[in-house]
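Me: I should like to go through the terms used for this model and see what justifies each of them. Please set each value against its criterion.

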Amino acid sequence: MTVRMSWDGRFSCEHYVYGEAPNAFLARHASLIPAGARVFVPGDGEGRNGVWLACQGLHVLSVDTSAVGLEKARRLAARHDVSIETEHADLTAWAWPEATFDAVVSIFLHLPPETAPFIHAAMLKALKPGGLLILQAFRPEQLGYTSGGPKDVSWLYTSAMLAIDFAKAEILLNVEEAVSLEEGPLHRGPAATIGLVARRR
Ligand SMILES: C[S@@+](CC[C@H](N)C(=O)[O-])C[C@H]1O[C@@H](n2cnc3c(N)ncnc32)[C@H](O)[C@@H]1O
């Protein structure tokens, strides 16, 4: 029997398993986020993206189901002399706020197929009108690689799925990419990703 390691178990090490540098897709598109914005980072894990956004002068709320990850996120923030707000919660049972954030940044937050559309809709509603969503995830072709991601195809996203989940938004970019990841020991090598940039109407 295969026992899937919990996120707390995965993050219970000294190093940052996805690295300390921001995700490259986020860094490429972050200039679209207005100065001083309030940014929500669901599933921020060990905080590499939330902390980097805070270093850009943005106000960050990171929510994650891993207390161990969030503790590392706060330590990373302190090392960079910035602060981020953190909340330990399961996003499937979270009281999602509405029209609250200027941007939502979701990086490799994979969810079961019965949950993902609901969470994606909640992300959109959590944005103020005109707010920006930046999302990167793995697509089914990632199953052919060893650079990370869920091993169950139903947890992977296609551009068609994201077009449906975010149909109410203005889609600025919905692109399937072949990239080379260099994100700590767990995301390393060729990868099949999908990137979405969208704006709430
Ligand atoms: C692959 S990691 C990515 C972490 C981070 N976004 C990054 O790119 O470094 C996925 C993260 O999503 C979090 N996560 C998964 N399901 C969640 C849920 N239902 N509620 C909150 N966090 C969740 C995990 O705890 C983990 O930190």
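Me: What makes strand S2 and strand S3 a pair?
Reply: In this predicted model, S2 (residues 59-64) and S3 (residues 85-88) are joined by 4 bridges in the parallel sense. Pairing requires at least two bridges, so the term applies to S2 and S3. Within this pairing, Asp64 stands opposite His88 in S3.

Me: Why is the unit of S2, helix H4 and S3 called right-handed?
Reply: The unit is β-α-β, with H4 covering residues 67-79. The term right-handed means that, with the strands pointing away from the viewer, the path from the first strand over the helix to the second runs clockwise. The unit of S2, H4 and S3 is assigned this hand.

Me: What makes the approach of Gly43 to the ligand a polar contact?
Reply: A backbone N or O atom of Gly43 lies 2.7 Å from a nitrogen atom of the ligand. The cut-off is 3.5 Å between N or O atoms, therefore the pair qualifies. By the same criterion, polar backbone atoms of Leu91, at 2.9 Å from a ligand nitrogen, and of Ile107, at 2.8 Å, also qualify. The protein covers 92% of the 590 Å² of accessible area that the ligand has on its own.

Me: How do you know that the shell around the ligand is of mixed class?
Reply: The shell has 8 nonpolar, 6 polar and 4 charged residues. Among the 18 residues around the ligand, Gly43, Arg48, Asp64, Asp90 and Ile107 come nearest. Helix H1 (7-11) and helix H3 (48-55) each supply at least two residues of the shell.

Methods:
Residues are numbered from 1 along each chain as its sequence is written. This is a predicted model: local features need pLDDT of at least 70, side-chain atom pairs count only at pLDDT 80 or more; totals for chains, interfaces and linings use all residues. Side-chain values use heavy atoms; hydrogens and water are left out. A residue is near a molecule or strand if one of its heavy atoms lies within 4 Å of it. A polar contact is a pair of N or O atoms within 3.5 Å; within protein, one must be able to donate a hydrogen and the other to accept it, and residues adjacent in sequence count only if both atoms are side-chain atoms. Accessible areas come from the Shrake-Rupley method with a 1.4 Å probe; for residues, only the protein chains shown count as cover. Ala, Val, Leu, Ile, Met, Phe, Trp, Tyr, Cys and Pro count as nonpolar, Asp, Glu, Lys and Arg as charged, and the others, Gly among them, as polar.
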